[in-house]
Structure formats: C-alpha cells, structure tokens
Amino acid sequence: MGIILSLIVMAVGAILTWGVNSSGGSVDVDVVGIVLMVVGFVLFVISLLLWNTWWGAGFWGWGPEPYADGPVRRRTYWPTRLRTTYVEEEPPPPPP
C-alpha cells in the first residue's frame, strides 16, 4: 500500500504544480505541489527499500526462512455434510 499511496501523493503534487493556475492568496500552490512530489518520491523509495517480498518471502536471505518448521498447512473448504437426496414415494397424508 505504501507504493500506491506514494504514487497518489506524487500525482496530486504534479497536478498542483503544473495543472493549477492561481494568482493571489497566501499559499503558493506550486510550492505545495513540489513538496508533495518530493514527499511522494521519498515514500516511494522507502517502500521499495523495505519491501521484503520481491519473489516470495525470504528470497534475498533476510527474514524468516520459508518452511523452516515444515510445510505450511493451508485452510481448505470441506463441507460439513455431503449432499443428500430424498425421494418421497407416497403423497403426504391429508390434513385432519
């Protein structure tokens, strides 16, 4: 999620820098856009550096070893009852 969030922050910064034309006011929109782009780029780099699962857990050697305690048992769906078919041979009795 960090990569997506950083790309969104960079996109908002780029829109504020190059897409918004405003004159006047106490806040410079171009400076806010540049700051957001820099913050988004820093978040993007940090997300890439801290991302541990490029090609699966433990590929680069750090972190817990996969299958260190044996294979991982995955949950599967097992129905609690098998399908049952009922066949009625007689019509129901008439009401009293």
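How many helices and strands does the protein chain have? Two helices and zero strands, in a model that is predicted.

**View 1. The whole protein chain, to get your bearings.** Start with the full picture: the protein chain has 96 residues, and 11% of them count as buried. Its accessible surface comes to about 9,100 Å², and carbon and sulfur atoms account for 67% of that area. As for how the chain meets itself, take the contacts between residues at least 6 apart in sequence: 44% of these join residues at least 24 apart.

**View 2. Thr17 and its contacts.** Now zoom in on helix 1, which runs over residues 2-19 and holds Thr17. Is Thr17 buried or exposed? Thr17 has a relative accessible area of 13%, and because the cut-off for buried is under 20%, Thr17 counts as buried. Setting aside neighbours within four places in sequence, look for Asp30, Gly33, Ile34 and Met37: Thr17 is in contact with each of these.

**View 3. A nonpolar patch on the surface.** Which residues make the nonpolar surface patch of about 770 Å²? They are Ile34, Val38, Phe41, Val42, Val45, Ile46, Leu49 and Leu50. You've met Ile34 already, as one of the contacts of Thr17.

**View 4. Val45, a member of that patch.** Last stop: Val45, which sits in helix 2, residues 29-50. With a relative accessible area of 31%, Val45 is partly exposed. Val45 is also one of the residues that make the nonpolar patch.

Technical notes
Residues numbered from 1 in each chain as written. Predicted model: local features only at pLDDT ≥ 70, side-chain atom pairs only at ≥ 80, totals over all residues. Heavy atoms only, no water. Helix = DSSP H or I, 4+ residues; strand = E, 2+ residues; numbered from the N terminus. Buried < 20%, exposed > 50% of the residue type's maximum accessible area, 1.4 Å probe, protein only. Contact = heavy atoms within 4.5 Å. Areas by Shrake-Rupley, 256 points an atom, 1.4 Å probe, with all protein chains shown as cover. Patch = residues over 30% accessible without salt bridge, like charges linked within 9 Å, V, L, I, M, F, W, Y side chains within 5 Å. Salt bridge = Lys/Arg side-chain N within 4 Å of Asp/Glu carboxyl O.
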